[in-house]
Amino acid sequence: MIEWFDSNLVSILNGFAIGSLLFILAVGLSIVFGMMDVLNLAHGALFLVGAYLAWSLLSDGATWGGFLAALGIAALVGLLAGGVLSVMTEPLARRPILDQALLTLGVSLVVAEVLSIVYGNDALSVGAPPGLAESVSFLGRSYPAYRLALIGVGLVLAVVVYVVVERTSVGALVRASVADREMVSAMGIDNRKVKVAVLGIGSMLATVAGVLGAPVYGARPGLDDTILILALVVVVIGGLGSVKGAFVGAMVIGQVESLGRAVLPDLASFILFGTLALVLVLRPRGLFGPRKLAGT
Amino acid sequence: MESIVADTAATGGRRGGGRRPSSLLRAVPAVVVLVLLVAAPFVLAPFATTVLGRILVFALFAVSLDLLVGVTGLPSLGHAAYFGVGAYTAGIVAIEVTSEGLVLVLVAGLAGAVAAAATGWLAVRSSGVFFLMLTLAVGEIVYQLTTTLDSVTGGSNGLYGIPAVRVGGTALTLAGYVYWFVLAVFVLGFTALWLVSRSPVGGALRGIRDNEPRMRSLGYSPFRYKYVAFVIAGAVAGVAGGLFAVQVRLVTPTEAGFTTGALALLAVILGGAGSLWGPVLGAAVVVLVRDALGPTLEGHGPLVLGIVFVLAVYLLPRGFAGLAGISAAVQRRRAASRRTP
């Protein structure tokens, strides 16, 4: 057992690194959907925007200045994009959920295509900032320092998001909106403002995740769909609108993606679907999803 | 609107004989279009004929998706999976066994149905956004399989060297003959879907779309109906995939990918979900923009399609079919407002 653990340590650590990244992505997706009923299919495209941003600022040599600038710009771009998405979906608020999802799907096609016009169709790789670019020894194995840092960032963000959602008045508003949006707006809270804020922060998390993920995944066309699907699987497994669910789901899918691929390379896709199927058969609303969805 | 559709559903296939003359009259445009389609190869250049064939292939795929999206109310983002399964199956059978057209189309449809039966059992249990996500996940998994199973699918290079389709032992090499074969299968597939949609089963599916609890209380099993619709849609998508292999003779993972599914959804939305004939027009627009206009846009057809997608969501909530049926919709709304208590 210990031997198996030792030989697969790198895969397990990779799984946690992927999980951290997926958590940052999925928590935004999950809360936006849980609170606002907007399934943002442009989430993956926003991730890719962040990744290309990181490449633009770091391709001449990775510096901390460039990395932090990329994070800052990505956060701003994300906030703005969230605002734009929120304005765009507003006229569709009374139409079925599908129409809003389709709108964001159209937006994601446009964004992905514009990115491929600007940056070409080649896969671009991005270096980690200095000091994190090397490998360090971890439990007797050499492991890229950047991925360890990524795990750390993911854990810190998870704690921050959890504390904000569970312990602050803003968080109370979030939880209340997930539970019953009509009631929240009946109590005098402007739904549209909440929507702008939530979509802005959710989109910001996506672009920031893109920058953070760039040294691991690089930037290439098609990455947006891959990432979006992983994030959606995380959200489905974890349950819509649940921070805890997004965290557990992200860690499970991170391990499936990494350890699963390492141990059973041919079956990885089936394991992903199998995990999803198993969770949905046992818990149709996800592991930590609401007991009962509004309107069902 | 909602109540009247549920009412139609509840009464099932009961139809008065008085409708017959009007439905005969309504068949006239369909016959005209069919005659034009049959005559097309005599008039059009071979390239234009091939594009028209591609439109028909994609249209059949889009119409099968419409059975799910428009008729049953199950928005699937992963429908390309069954299209891809059909295309690969037909391609492999054509290379390894026989390129007899009827066999190819049948095995492709069977493969699509089996794949849909295996995955739909789970997908159909969910609804709304969960269904969207699950179908997306299924689609992505099939896409990944097509790229990773190199020995079977040819990996990212695709499956090439598919021989020309044969009908009764004769190889069809001229673009016009291939087109007629595609057209014949398209007409059969479309008619099959149209019959399903007009049958009592179709009525029940619409009822489930509009008011599932009511249908359940009337004794229908929504799961069973949705599952049947899902498998039928998968089978027809498989047939369309088989036609794709016949027409293009090259199958790549793109055919099973997310973008193909998204474009089919665009065709359905653009044409008008639930009308079946609308998505055919939507598919024509999609294929023309992507294949015919694509080269002049340096391969950035998807950019135009994305913009069209965004505009369509805002401007054409019921698609082309909605434009054509505005007067009918006004009448229906009047009737509905009279009926709603």
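These are my notebook entries on a predicted model with chains A and B.

**Confidence in chain A**

I began with the confidence scores, and for chain A I found an average pLDDT of 84, with 98% of the residues scoring at least 70. Going through chain A element by element, I noted that the mean is lowest in helix 1 (residues 2–7), at 75, and highest in helix 3 (residues 43–58), at 91.

**Make-up of chain B**

I then turned to chain B, in which I counted 16 helices and two strands. Of the 341 residues in chain B, 50% are buried. I also looked up how the contacts of chain B are spread along the sequence: among those with a separation of 6 or more, 79% are between residues 24 or more positions apart.

**Annotated segments of chain B**

I checked the UniProt record, an unreviewed entry, whose annotation "transmembrane region" covers several stretches of chain B, including 24–45, 51–69, 177–196 and 301–317. I followed two of these stretches in the model. Residues 51–69 of chain B are 100% helix and 0% strand, with the end C-alpha atoms 26 Å apart. Residues 177–196 of chain B are likewise 100% helix and 0% strand, and here I read 29 Å between the end C-alpha atoms.

**The nonpolar core**

Which residues have the most contacts inside the largest nonpolar core? I found A:Leu25 and B:Leu60, in a core of 211 residues. Helix 2 of chain A (residues 9–36) gives the most to this core, supplying 17 residues. I then listed the partners of B:Leu60, setting aside residues up to four places away in sequence, and found that B:Leu60 touches B:Phe186, B:Gly189, B:Phe190, B:Val236, B:Val239, B:Ala240 and B:Leu243.

**Where chains A and B meet**

Next I looked at the contacts between the chains, where 30 residues of chain A meet 31 residues of chain B. On the side of chain A that touches chain B, helix 5, helix 10 (223–238) and helix 12 (268–282) of chain A each supply at least two residues. The largest share of that side, 14 residues, comes from helix 5 of chain A. By residue class, I sorted the side of chain A that touches chain B into 24 nonpolar, two polar and four charged residues.

**A:Ser116**

I stayed with helix 5 of chain A (residues 97–119) to look at A:Ser116, which is found in it. I entered A:Ser116 as buried because it has 20 C-beta neighbours inside 10 Å, and 20 or more is what the cut-off asks for. Beyond its neighbours within four places in sequence, A:Ser116 is in contact with A:Asn121 and A:Pro221. I also noted that A:Ser116 and A:Gly222, although 106 residues apart in sequence, are 9.8 Å apart from C-alpha to C-alpha.

**Positive phi in chain B**

Most residues other than glycine have a negative phi. I therefore recorded two residues of chain B separately, starting with B:Arg249, whose phi is near 60°, a positive value in a residue other than glycine. B:Arg249 lies in the loop between helix 11 (222–248) and helix 12 (258–271) of chain B. The second is B:Leu276, with a positive phi near 65°, in the loop between helix 12 and helix 13 (277–292) of chain B.

Are these two residues buried or exposed? B:Arg249 counts as partly exposed because it has 18 C-beta neighbours inside 10 Å, whereas B:Leu276 is buried, with 25 other C-beta atoms within 10 Å.

Terms used:
Residues are numbered from 1 along each chain as its sequence is written. Chains are lettered from A and ligands numbered from 1 in the order in which they are written. This is a predicted model: local features need pLDDT of at least 70, side-chain atom pairs count only at pLDDT 80 or more; totals for chains, interfaces and linings use all residues. Helices (H or I, at least four residues) and strands (E, at least two) are DSSP runs, numbered from the N terminus. A residue is buried if 20 or more other C-beta atoms lie within 10 Å of its own, exposed if 12 or fewer, and partly exposed in between; C-beta atoms are placed from the backbone. Two residues are in contact if their C-beta atoms, placed from the backbone, lie within 7 Å. UniProt positions are given in the numbering used here, feature names are shortened, and annotations may be inferred rather than shown by experiment. Ala, Val, Leu, Ile, Met, Phe, Trp, Tyr, Cys and Pro count as nonpolar, Asp, Glu, Lys and Arg as charged, and the others, Gly among them, as polar. pLDDT is the predictor's confidence in each residue, from 0 to 100. A nonpolar core is a set of buried Ala, Val, Leu, Ile, Met, Phe, Trp, Tyr and Cys residues joined through C-beta atoms within 7 Å.
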